[in-house]
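Dear colleague,

Please find below the structure that I am handing over to you. My notes on what was found in it follow directly after.

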Amino acid sequence: MTVNSEISSIKTAIACLPEESALIAAHRGVSENWDLPENSASGLQRLIDENYLVAEVDVASTKDGTLFLFHDGVWEDTSTGQGPVAASMAADLDKILLKSRKGTLASERPLTLDDALHLAKDKLYLEIDFKSSASETEVVQAIKEKEMGDQVILIAYTSEQAAKLQALAPNMVLSAPGQDEGRGLNSENTLLWMGRDISGVSNSTNTLGHIGMIGRASETARPGPLRKGKLLVTDFPDEFPPILGLTDEKLETYKSCLAAGEPRES
């Protein structure tokens with residue numbers, strides 16, 4: 001299902017969603033059904049090619065400050081690298097090849113954040129998970145330099161991190177801990193993370209909406225998550241349509257809402 005050739009702001013994409021529909025986000029930027037490395041250019045490109053709209057990615061940093069996509073704290077499981085990721089230097093990235101979770105070696109290097117932003121620009125929303133080695137300030141600055149502030153969601157795991165990210169990027173959308181109910185944050189820019197408890201949350205919120213985690217399509221009870229979540233993260237995005245619950249009947253209305261949406265911001 002193709003919505004638009006060039007995506008709107010993430011706030012507009014969420015605000016325009018019809019009742020009981022949700023954006024599907026690919027956890028670690030790939031599907032476990034694909035024998036591709038996570039957090040990779042090949043994974044992101046396949047999402048784009050198959051008209052998916054959101055990728056959750058993990059941003060780490062080398063010891064000398066190069067930002068790149070990688071989830072684990074050590075290299076061994078998903079690459080040819082060895083040892084702690086945070087102890088590596090930028091030059092080491094050119095010597096490392098990525099592997100899928102199944103162990104298949106790929107002919108691609110770890111993807112720098114700059115290259116990931118370039119690949120996703122105007123095509124794919126990125127939900128940014130900050131690894132401990134990455135500076136929130138430097139990641140936000142990189143996003144601003146690419147003028148992609150309206151195309152990302154910044155993940156905060158604590159109320160303190162959420163407040164810091166809001167101060168750094170007041171116009172960017174945040175994913176904040178659901179138990180805090182968005183207190184102290186700009187509600188218009190805040191999504192509440194509910195994890196796998198998405199079906200049990202209240203519909204009532206003055207925020208942008210809720211984010212939840214779902215499993216395989218065959219294991220997902222519907223329409224519970226649809227009634228509660230605006231963004232649903234899964235390891236199996238290809239088992240769902242890019243926008244879950246968006247019928248052909250509602251598609252034209254959604255497109256019209258996107259076309260009339262708010263101006264893009266950086």
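**Overall architecture**

The secondary structure of this protein, which is a predicted model, amounts to eight helices and ten strands. Its radius of gyration is 18 Å, close to the 18 Å that the globule rule gives for 266 residues, so the protein is as compact as a globular protein of that length. Measured out along the principal axes, the C-alpha trace spans about 50 × 40 × 35 Å. Of the 266 residues, 53% count as buried. Among contacts with a separation of 6 or more, 58% are accounted for by residues 24 or more positions apart.

**Helices H4 and H5**

Two packed helices are described by the angle between their axes and the distance between the axes. For helix H4 (residues 113-120) and helix H5 (residues 136-145), the axes come within 10 Å and cross at roughly 35 degrees. The crossing of H4 with H5 is right-handed. On the H4 side, Leu 113, Asp 114 and Leu 117 make the contact, and on the H5 side Val 139, Ala 142 and Ile 143 do so. By character, the residues of this contact are five nonpolar, no polar and one charged.

**Helix H6**

Which residues of helix H6 (residues 159-168) are buried? They are Gln 161, Ala 162 and Leu 165. These residues lie on the same side of H6, because they cover an arc of only 100 degrees around the axis. An α-helix has 3.6 residues a turn, so residues three or four places apart point the same way. The buried residues of H6 pack against H5 and against three strands, namely S4 (125-130), S5 (152-155) and S6 (173-177). On the face of H6 turned away from the buried side, the exposed residues are Glu 160 and Ala 167.

**Gly 215**

I would also draw your attention to a glycine in a loop. Gly 215 is placed in the loop between strand S8 (209-214) and helix H7 (224-228). Is Gly 215 buried or exposed? Its relative accessible area is 17%, under the 20% cut-off, and Gly 215 is therefore counted as buried. Leaving aside residues up to four places away in sequence, Gly 215 touches Arg 196, Thr 220, Thr 234, Phe 236 and Phe 240. Phe 236 is 21 residues from Gly 215 along the chain, and the C-alpha atoms of the two are separated by 7.0 Å.

With kind regards

Definitions and conventions:
Residues numbered from 1 in each chain as written. Predicted model: local features only at pLDDT ≥ 70, side-chain atom pairs only at ≥ 80, totals over all residues. Heavy atoms only, no water. Axes fitted to C-alpha atoms, helices over the stretch in contact; angles between N-to-C directions. Helix = DSSP H or I, 4+ residues; strand = E, 2+ residues; numbered from the N terminus. Left-handed = near helix turned anticlockwise from the far one by under 90°. Contact = heavy atoms within 4.5 Å. Nonpolar A, V, L, I, M, F, W, Y, C, P; charged D, E, K, R; others polar. Buried < 20%, exposed > 50% of the residue type's maximum accessible area, 1.4 Å probe, protein only. Arc of directions from axis to C-beta. Rg over C-alpha atoms; globule rule 2.2 N^0.38 Å.
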